[in-house]
Amino acid sequence: MTTPSAHPPAALHGPAFAADPQAVYARLRRQGPVAEVEIAPGVGALLVTDYQAALDLLRDTDTFSKDSRAWQRTVPPDSPLLPVLGYRPTALFSDGATHARYRQVITDGLALLEPHQLQRRVAEVAHRLIDAFAETGSADLIADYARRLPVHVLTTGFGVPGEHRERLVAGIVGSIESARHTVAAYTDLVEVVTGMVAERRERPRHDLTSWFLSHPAGLDNDEVVRQITLTMIAGNEPTTNLIGNALLRLLTDARYAGSLFGGAMTAHQAIDEVLWHEPPLANLSAHYPRVDVTFHGRVIPAGSLVLVSYAAANSQAAPPAATADGADTAGLRSGGSAHLAWAAGPHACPARDPALLIAITAIEQLTSRIGDLELAEPADALHWRPGPFHRALVRLPVRFTPVPG
């Protein structure tokens with residue numbers, strides 16, 4: 001048994017962490033499988049950085065709960081962490097039969113997104129977005145493309161009115177920033193979805209919102225609102241980051257040279273490597289021990305916030321990097337460990353398949369239209385959004401030969 005570390009908690013917020021998180025993870029791993037961190041000024045947590053410990057935590061529903069209400073009482077009511085970690089009646093914060101009931105609505109709803117139709121919808125949206133900047137010879141692939149594409153696909157699926165889509169984008173992105181405006185962003189997102197759900201209860205349509213309302217689980221209006229907002233945030237933010245991080249890898253990794261015109265290394269491989277080495281959600285899977293527990297040598301009091309670092313665990317278990325001739329395609333081989341970018345266990349991400357399809361299609365559509373993309377500024381000058389949860393670029397400026405409309 002070990003006692004709490006004598007090391008000061010590592011800060012997982014601010015520009016220094018965003019600039020080089022792997023250095024922080026390496027330092028934390030030297031302290032053991034579980035280390036103390038600070039996820040916002042004055043707010044501490046425990047972070048699991050070991051691959052096997054992460055799997056043990058994610059699968060242990062007897063020892064650990066997802067209900068954050070006891071922990072929530074220890075932080076200020078206006079904490080910017082609450083839009084991500086504050087309790088709501090959703091699959092993310094529930095256990096047992098309640099979790100199964102909520103999750104079934106989400107998984108059944110996402111199953112309605114038939115892959116060929118979803119791929120066609122993504123391609124249509126991608127071409128509209130590309131048309132808006134193709135003739136200019138330059139773009140910010142985050143603001144102009146990666147951030148707009150997944151949310152447009154999701155809002156179309158849920159039947160969000162066009163006049164509310166920009167508010168939803170702001171609410172979804174703002175809800176995971178862990179800054180002072182996050183509470184207002186999440187509140188506005190809930191307000192938009194609440195109005196939409198109330199309208200669909202009276203006048204159903206052929207969309208996912210109406211389907212969530214009519215699901216045999218019998219969710220009430222607030223439960224539907226919460227599952228929809230969870231699905232939108234969980235389906236959009238990681239997918240946006242995945243597209244951006246994979247595009248950066250394609251543009252900067254010499255092994256992908258020529259891939260924009262169909263080289264040996266593919267968009268699928270770039271995405272798989274990002275999921276191993278730069279997962280779009282770096283640290284999350286909040287758990288709270290039901291009783292005082294000793295976990296991998298660490299004494300953890302009941303109700304403590306314990307997070308899983310997918311990024312740290314992955315970097316410990318990652319397979320060898322792929323080679324330019326494809327001889328060793330990282331993560332695509334059979335056998336070996338699986339990355340944790342989608343978490344694991346009963347709370348593993350239910351949107352994995354549509355998110356992968358959206359990301360792969362988005363990159364393939366972009367690189368098939370514009371083959372000579374290059375960074376408009378040095379890679380080491382790019383900035384990453386600060387925050388404990390995500391791994392996301394602020395901007396991805398590129399230039400290319402203008403493509404006539």
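In which helix is Arg226 found? Arg226 is found in helix H13. The views below show this residue and other parts of a predicted model.

**View 1. Arg226 and its contacts in helix H13.** Is Arg226 buried or exposed? Arg226 is buried, because its relative accessible area is 18% and the cut-off for buried is under 20%. Arg226 touches Arg88, Pro89, Thr90, Tyr186 and Val190. That list leaves out residues up to four places away in sequence.

**View 2. The largest nonpolar core.** This core has 78 residues. Which of them have the most contacts inside the core? They are Phe133, Leu141, Tyr145, Leu149, Val193, Leu366 and Leu396. Helix H13 gives the most to this core, with 13 residues. Apart from this core lies another, of 49 residues. Leu58, Leu284, Leu305 and Val308 are among its members. In soluble globular proteins, nonpolar side chains tend to be buried together.

**View 3. Val193 and its contacts.** Val193 is one of the residues with the most contacts inside the largest nonpolar core. Leave aside its neighbours within four places in sequence, and Val193 is in contact with Leu168, Val225, Ile228, Thr229 and Met232.

**View 4. Helix H16 and what its buried residues pack against.** H16 runs over residues 352–369 and has 18 residues. From first C-alpha to last, H16 reaches 26 Å, close to the 26 Å expected at 1.5 Å a residue. Its buried residues include Pro354, Ile358, Ile360, Ile363 and Leu366. Gln365 and Thr367 are buried too. Which helices do the buried residues of H16 pack against? They are H7 (115–133), H8 (142–146), H9 (149–158), H13 (221–252) and H14 (267–277).

**View 5. Helix H7, from its start to its buried residues.** At the start of H7, a side-chain oxygen of Glu114 reaches to within 2.9 Å of the backbone nitrogen of His116. H7 has 19 residues. Its reach from first C-alpha to last is 27 Å, close to the 27 Å expected at 1.5 Å a residue. Leu118, Val122, Ala123, Val125, Ala126, Leu129, Ile130 and Phe133 are the buried residues of H7. Strand E5 and helices H8, H9 and H16 are included in what covers them. An α-helix has 3.6 residues a turn, so residues three or four places apart point the same way.

**View 6. Glu135 in the loop after H7.** Glu135 sits in the loop between H7 and strand E5 (138–140). Glu135 is exposed, because its relative accessible area is 54% and exposed means over 50%. What does Glu135 touch, not counting residues up to four places away in sequence? Glu135 touches Pro402, Val403, Pro404 and Gly405. The C-alpha atoms of Glu135 and Ile370 are separated by 11 Å, yet these residues are 235 residues apart along the chain.

**View 7. The second largest pocket and its lining.** This pocket has a volume of about 300 Å³. Its lining includes Leu112, Glu114, Arg121, Thr156, His206, Asp207 and Trp211. H7, H9 and helix H12 (208–214) each supply at least two lining residues. Which helix gives the largest share? H7 does, with three residues.

**View 8. Helix H15 and what covers its buried residues.** H15 spans residues 310–317. Tyr310, Ala311, Ala312, Ala313 and Asn314 are buried there. Among the elements that cover them are helices H2 (21–29), H3 (51–59) and H14. Strands E6 (283–289) and E9 (306–309) are also included.

Terms used. Residues numbered from 1 in each chain as written. Predicted model: local features only at pLDDT ≥ 70, side-chain atom pairs only at ≥ 80, totals over all residues. Heavy atoms only, no water. Helix = DSSP H or I, 4+ residues; strand = E, 2+ residues; numbered from the N terminus. Expected span 1.5 Å × (residues − 1). Buried < 20%, exposed > 50% of the residue type's maximum accessible area, 1.4 Å probe, protein only. Contact = heavy atoms within 4.5 Å. Core = buried A, V, L, I, M, F, W, Y, C linked by side-chain atoms within 4.5 Å. Polar contact = N/O pair within 3.5 Å; in protein donor to acceptor, adjacent residues only side chain to side chain. 1 Å grid on protein atoms, 1.4 Å probe; cavity = no way out; pocket = protein on both sides within 12 Å on 5 of 7 lines; lining within 4 Å. Points joined across faces, edges and corners; volume = space filled by probe spheres on them.
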